[in-house]
2 protein chains.
Amino acid sequence: MNTLPFTVEATQGNARAGTLETLRGKVQTPVFMPVGTQGAIRGLSPLHLNQTNSQIILANTYHLSQRPGHRLVAKHGGLHKMMNVDLPILTDSGGFQVFSLPKTVTEDGVTFQYEVDGKKTFLSPEVSMEIQQALGSDIAMVFDECLPYGADKQETSESVERTARWEQRCKDVHERPDQSLFGIVQGGLFRDLRIKSLNELIKIGFDGYAMGGLAVGESQTEMFNVLDNIKEHMPDEKPHYLMGVGTPSDIIGAVKRGIDMFDCVLPTRSGRTGLAFTWNGRINIKNNKYQKDNTPLDPNCDNLSLNKYSKNYLNHLFNTNEILASMLLTLHNINFYQELMSAIRKNISEGTFDQFHDKYIDKL
Amino acid sequence: MNTLPFTVEATQGNARAGTLETLRGKVQTPVFMPVGTQGAIRGLSPLHLNQTNSQIILANTYHLSQRPGHRLVAKHGGLHKMMNVDLPILTDSGGFQVFSLPKTVTEDGVTFQYEVDGKKTFLSPEVSMEIQQALGSDIAMVFDECLPYGADKQETSESVERTARWEQRCKDVHERPDQSLFGIVQGGLFRDLRIKSLNELIKIGFDGYAMGGLAVGESQTEMFNVLDNIKEHMPDEKPHYLMGVGTPSDIIGAVKRGIDMFDCVLPTRSGRTGLAFTWNGRINIKNNKYQKDNTPLDPNCDNLSLNKYSKNYLNHLFNTNEILASMLLTLHNINFYQELMSAIRKNISEGTFDQFHDKYIDKL
């Protein structure tokens, strides 16, 4: 089964510009996926999603299985229909969320209490596959074990082996022909374990390969080291996905190291707290100095229909606790991330990505 | 000066369908103005405003004079530019807000403490005109005295006389040629005082006449009585505006009594609390019974691009405290109000308004 043809169209060093062909349309990479944890991108109207040039979004298996429940979603025609979104959707496996909760891990899976109502819940490779197939996402992720930052080599090694067994179990029970399945590479900051993990997954065979267990507290240098250590080993013909990352700078540096896909709550979460990403760097729009600043939030933004609001107006909206403050800044940030991805892709295609990287890696 | 030509195009009984010609475009009446108190319609993206067929919006003199400050708004090109809204804007005078605060009223004006920071503030006919002219709204309202529900006849009579003097002072200092000025009829529930107030205003001469001092706690029957008592006295050739009203039922009944213009926070405020207005009546979308209801919020809604969301999805969004819950329900409610106004207008034009009134007056 390969429901996700992937073509690399241009490269510069390890950086790649390509196209993923999902059953819901083509996705040009490198791509950023806005996060719709509970079936909604927080603060962003689905009616604005296309205007931001978003091509694919992420939703969360763990949260949706609890509320409204994956069986209800399936009964009502799946996640796309519920959300009224025509774009492809990638669902994570729940592993990352569950591993931040108090839990009991056995070879079978993970037992934990649901954080909202304390209900005892069990998640395993088979359960995660059942949920994701019920949700009907275009890309499902295997259920992996995600260790905290600082786990030692022995613990990490055991976890890598268990994760490989879990990923095989995911592959064994996954049967939805219109859904792709990605493997997740673990191994912490250890070069040999990362390569070992990747090789186990390649043996199983997936439609794409993700780097997991990052964005858990490590420095950017440590994260880039992990990518440098593994980049020559990643299968060229499959998409490479760095989960939960990150800042614009993280993304630029990761693309340089061969990553094609990203997701992160940063642009949406920041939008709600007043932090705007712009081509001139970050702005805290709540800062008093913007009260009298009538210039646009980002004069270098390409999408002026979205970005015509002045700093003083946005400052006023935050100052008066208007919902529109979060709405407009979230819209701006998602749009900025998508402009960033377009610029990255264009520079790879034109052979100028190294200059782009050097210009922006410390600025954004 | 008449910056606001008004043409009545069809009548049925006292109900009128007409056109207001503002300098920012034509407004078909009867019209509902969504409320953008602080320079933002709460929870509604300005990018969606046109999709709801809104023709004119309201903003608030009292709130905007405090934050961000009318001088700052003027310096930056006025309220339309700040909000990035091309539609006409009507500003209220601040009277209604101020009279709900602890205050000292003299012939000069009203002294009160600003509710956010306790700053001592003075508002008068002259100050209100200065603020509204600085904001640059298309329609300004005179500064009137708004009494609480239950004020006795003596007090109301004195207030009507003071209001007339204040309205004359507004007219005297109002000089912006691109801004219309409406008078506000006071007089509580007293027929003779309402007529006296109206006649004083007609002597002064305004571009439109508003009914003030309603929506302050009286019953619908009392409000309709006030309108019945005065409807034959209102100048036919000017627009009639009922301030701060109301429910769909209130609006239908008021149109029957000759009202052309409305504003109310009900559709936006209700959108944030889960109350949806539909052609089948009101729905509290938070109700558990909607968890498994996959039907659209309002199958009779004309605007299916806005209204394609199912009850169970909206219930889920409220249940999980997603901002999108308020956003989508506010959008729905504003759109419903505008569909209601279109239907009212169409029925007046086609001579079927009485049947429409009787069908919906108790249902909506």
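## A tour from helix 14 to the A–B contact

Start by selecting Gln355(A) and Asp358(A): both are exposed, on the other side of helix 14 of chain A from its buried residues. (Exposed means 12 or fewer other C-beta atoms within 10 Å of the residue's own, buried means 20 or more, with C-beta atoms placed from the backbone; helices are DSSP runs of H or I with at least four residues, strands are E runs of at least two, both numbered from the N terminus.) You're in a predicted model, where local features need pLDDT of at least 70, side-chain atom pairs count only at 80 or more, and totals for chains, interfaces and linings use all residues. Residues count from 1 along each chain as its sequence is written, and chains are lettered from A, ligands numbered from 1, in the order written.

Now pick Phe353(A), Phe356(A) and Tyr360(A), the buried residues of helix 14 (353-360). Look down the helix axis: they fall within an arc of 60° (by directions from the axis to the C-beta atoms), so they line one face. Next, show what covers them, including strand 1 (6-12), strand 2 (15-22), helix 10 (248-256) and helix 13 (323-349) of chain A.

Then bring in chain B. The contact (C-beta atoms placed from the backbone, within 7 Å) takes 31 residues from each of chains A and B. On chain B's side, helix 12 (311-319) is one of the elements giving two or more residues, and its five are the largest share.

Finally, superpose the chains: a 180° rotation with 0.0 Å of shift along its axis puts B on A, RMSD 0.0 Å (least squares on C-alpha atoms with pLDDT of at least 70 in both copies). That's a two-fold axis relation.

Key
Two residues are in contact if their C-beta atoms, placed from the backbone, lie within 7 Å.
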